[in-house]
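Visitor: I should like to go through this model by means of questions and reasoned answers. May we begin as soon as it is displayed?

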Amino acid sequence: YNLVRSSTDNSREDDGAGFGLDIQPDGKILICGTNELNEGILGRFNANGEIESGFGSSGNGFIRILRASSLWDFDFRTVLFLNNSIYVLGEYYRETSSNYYSNLYIGRFQPNGNPDTSFGV
């Protein structure tokens with residue numbers, strides 16, 4: 001499955017990558033990673049391997065966690081299902097000719113894939 005593709009423009013190079021995976025108690029499969037537009041991605045498959053169509057705010061099986069600017073890249077490495085919440089951990093970073101800036105990202109999401117707005121600032 002090409003879960004994280006953001007555009008249908010086949011002329012674009014597809015640099016998406018999945019890094020984190022966790023299995024929920026009900027057998028559903030959570031993944032996190034990045035796509036070719038440097039967006040952080042969270043997605044879920046049913047236990048049979050099909051994309052869970054009701055997951056996420058758009059209901060298409062995945063959500064874009066953060067959208068990168070032209071200067072920032074996102075690298076989401078870990079996803080964990082714990083206490084009926086989904087946690088994603090990673091970093092967003094920028095490199096210039098003289099400096100490297102890196103920031104930690106942790107987010108909590110509801111079981112349906114929507115952000116948990118009571119978590120963090």
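Visitor: In which loop is Asn84 found?

Guide: In this predicted model, Asn84 has a positive phi of about 65° although it is not a glycine. Its place in the chain is the loop between β5 and β6.

Visitor: Is Asn83 buried or exposed?

Guide: Asn83 also has its place in the loop between β5 and β6. Its phi is near 50°, a positive value in a residue other than glycine. The cut-off for an exposed residue is over 50% relative accessible area. Because Asn83 has 70% relative accessibility, it counts as exposed.

Visitor: What pattern does the chain follow when read along the sequence?

Guide: The chain has 0 helices and 7 strands. Read along the sequence, the pattern is therefore written with strands, in accordance with the definition of these elements, and it is β-β-β-β-β-β-β.

Visitor: Which element gives the most residues to the largest nonpolar core?

Guide: The largest nonpolar core has 11 residues, among them Leu30, Leu42, Phe55, Val79, Val88 and Phe109. Two or more of its residues come from each of β2 (29–34), β5 (73–82), β6 (85–95) and β7 (100–109). With 3 residues, the element that gives the most is β5.

Visitor: With which residues is Val79 in contact, leaving aside its neighbours within four places in sequence?

Guide: Val79 is a member of the largest nonpolar core. Some of its contacts are with other members of that core, namely Leu30, Cys32, Leu42, Ile86 and Val88. Leaving aside neighbours within four places in sequence, the full list for Val79 is Gly20, Leu21, Asp22, Leu30, Ile31, Cys32, Leu42, Ile86, Tyr87 and Val88.

Visitor: Is Phe109 buried or exposed, and what is its relative accessible area?

Guide: Phe109 is found in strand β7 and is one of the residues of the largest nonpolar core. Its C-alpha atom is 9.5 Å from that of Gly56, with their positions 53 residues apart in sequence. The cut-off for a buried residue is under 20%; Phe109 is therefore buried, with a relative accessible area of 4%.

Visitor: What is the relative accessible area of Leu104?

Guide: Leu104 has its place in strand β7. Leaving aside neighbours within four places in sequence, Leu104 is in contact with Leu89, Gly90 and Tyr92. Its C-alpha atom is 4.5 Å from that of Glu91, a residue 13 places away in sequence. Leu104 nevertheless counts as exposed, with a relative accessible area of 65%.

Visitor: Which residues does Asn46 touch, not counting residues up to four places away in sequence?

Guide: Asn46 has its place in the loop between β3 (40–45) and β4 (62–64), and at 22% relative accessibility it counts as partly exposed. The C-alpha atoms of Asn46 and Lys28 are separated by 4.7 Å, although the two residues are 18 apart along the chain. Not counting residues up to four places away, Asn46 touches Lys28, Ile29, Ile51 and Glu52.

Visitor: How many nonpolar, polar and charged residues are in the lining of the largest pocket?

Guide: About 200 Å³ of space lies in the largest pocket. Its lining has 10 residues, of which Tyr105, Ile106, Gly107, Phe119 and Gly120 lie nearest its centre. By class, the lining has 6 nonpolar, 2 polar and 2 charged residues.

Visitor: With which residues is Phe119 in contact, leaving aside its neighbours within four places in sequence?

Guide: Phe119 lies in the segment after β7 and is partly exposed, with a relative accessible area of 29%. From Phe119 to Gly107 the distance is 7.4 Å, C-alpha to C-alpha, for a separation of 12 residues in sequence. Leaving aside neighbours within four places, Phe119 is in contact with Tyr87, Ile106, Gly107 and Arg108.

Visitor: What percentage of the exposed area do carbon and sulfur atoms supply?

Guide: Buried residues make up 37% of the 121 residues in the chain. The chain exposes about 7,000 Å². Of this area, the share supplied by carbon and sulfur atoms is 48%.

Methods
Residues numbered from 1 in each chain as written. Predicted model: local features only at pLDDT ≥ 70, side-chain atom pairs only at ≥ 80, totals over all residues. Heavy atoms only, no water. Core = buried A, V, L, I, M, F, W, Y, C linked by side-chain atoms within 4.5 Å. Buried < 20%, exposed > 50% of the residue type's maximum accessible area, 1.4 Å probe, protein only. Helix = DSSP H or I, 4+ residues; strand = E, 2+ residues; numbered from the N terminus. Contact = heavy atoms within 4.5 Å. Areas by Shrake-Rupley, 256 points an atom, 1.4 Å probe, with all protein chains shown as cover. 1 Å grid on protein atoms, 1.4 Å probe; cavity = no way out; pocket = protein on both sides within 12 Å on 5 of 7 lines; lining within 4 Å. Points joined across faces, edges and corners; volume = space filled by probe spheres on them. Nonpolar A, V, L, I, M, F, W, Y, C, P; charged D, E, K, R; others polar.
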